[in-house]
Amino acid sequence: NIPDWLKGQLFMVAPGKWDFDDGFSVNHWLDGSAFMYKFNIEKDRVDVMSRFLDTVAYKKVCETKRPVYVEFGTKAYPDQGKNAISRFFSHMVPLELSDNVMGNVYFIDDELYASSETCHVWKIDPKSLKCIKKVDLRDIVSVNLSSSHPHICPDGSVYNLCASFMTGLRYHIIKVPPPTPGKPKGFERASILTSLSSSHKTTYSYYHSFGLTEHYVVFLEQPLLVSTVKMAASGIKGYCVRDSLEWTPSLKDLIPTPGNGSSIYGRTWQQVRPCMFDPLPGGGMRSLQFQQSYGKNYLYK
């Protein structure tokens with residue numbers, strides 16, 4: 001039985017289409033087309049609504065029966081809707097990223113968004129689950145990638161970890177300030193709060209999420225790296241995103257902190273041993289162990 005006090009709406013998104021009539025299947029679960037659910041909970045009943053999100057990637061994959069954008073485990077196939085010259089340049093210079101937003105769904109202000117880990121975010125109609133507007137973060141804050149797990153604070157502020165590779169390998173923290181009457185909603189208010197260069201020349205650390213306390217952003221540059229050289233060659237070599245990942249266990253985790261070290265854009269990199277972070281009440285994070293950094297012990301709180 002559903003408790004009387006439990007009511008509201010629950011939105012979920014996940015991959016939902018992997019196989020096609022001609023026998024072709026994508027190579028990884030994460031490559032499935034975004035499929036959204038809405039559970040409307042009220043008194044003693046739950047109404048369920050679901051549909052595929054009509055993103056550009058979904059429309060293309062329905063037309064060609066193949067993904068035309070590079071996905072995590074599946075290479076990009078030629079887009080038959082383009083002429084030969086356009087297909088050639090897309091093949092040689094694969095700058096367009098997939099908008100298959102199967103990673104997460106969240107509200108900013110009263111607007112519903114779905115995202116993955118690229119610069120593309122879709123605004124969704126919470127009633128019909130139709131895609132309303134495609135938001136390209138490159139046009140707003142000039143980033144190419146963004147985490148699908150932003151932090152939403154009690155005052156309505158939104159923070160997210162992003163990265164750029166077209167103008168240098170950098171990590172960025174973007175902020176969407178609290179809503180203000182008469183001002184634009186959602187990502188239109190976003191700006192870069194701070195930036196930090198990758199400690200590598202041609203690679204950057206793969207990240208899924210990050211930590212946020214009342215005063216600090218907690219980010220680990222881990223030795224699972226993404227090769228921008230392989231990403232650039234994905235069209236020629238037939239690489240997928242997974243092929244660009246490089247595990248380098250000889251490297252240590254790095255945390256940008258104030259202190260001694262090589263200064264990078266107002267921050268310093270501190271070497272630490274691999275660590276885990278434990279959530280605290282109220283959204284804070286604490287380290288589960290002391291980390292050794294340049295001969296000194298630090299406890300990150």
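The following exchange concerns the cavities and cysteines of a predicted model.

Modeller: In this predicted model, local features need pLDDT of at least 70 and side-chain atom pairs count only at pLDDT 80 or more, while totals for chains, interfaces and linings use all residues. Residues are numbered from 1 along each chain as its sequence is written, and side-chain values use heavy atoms, with hydrogens and water left out.

Colleague: What makes a space in this structure a cavity, and how many of 30 Å³ or more are there?

Modeller: A cavity is a set of points, on a 1 Å grid over the protein atoms alone, where a 1.4 Å probe fits but cannot get out, and lining residues have an atom within 4 Å of a point. Grid points are joined across faces, edges and corners, and a volume is the space filled by probe spheres set on the points. By this rule there are two cavities of 30 Å³ or more; the largest has a volume of about 120 Å³, and the second largest holds about 30 Å³.

Colleague: Which residues line the second largest cavity?

Modeller: Its lining consists of Pro150, Val158, Tyr159, Asn160, Ile174, Lys175, Val176 and Phe187.

Colleague: Why is Cys131 called buried, and how do you know how many disulfides there are?

Modeller: Buried means under 20% relative accessible area (1.4 Å probe, protein chains only), and Cys131 is called buried because its relative accessible area is 14%. Cys240, at 5% relative accessibility, therefore also counts as buried. A disulfide is a pair of cysteine sulfur atoms within 2.5 Å, and a search of the whole structure finds zero.

Definitions and conventions
1 Å grid on protein atoms, 1.4 Å probe; cavity = no way out; pocket = protein on both sides within 12 Å on 5 of 7 lines; lining within 4 Å. Buried < 20%, exposed > 50% of the residue type's maximum accessible area, 1.4 Å probe, protein only.
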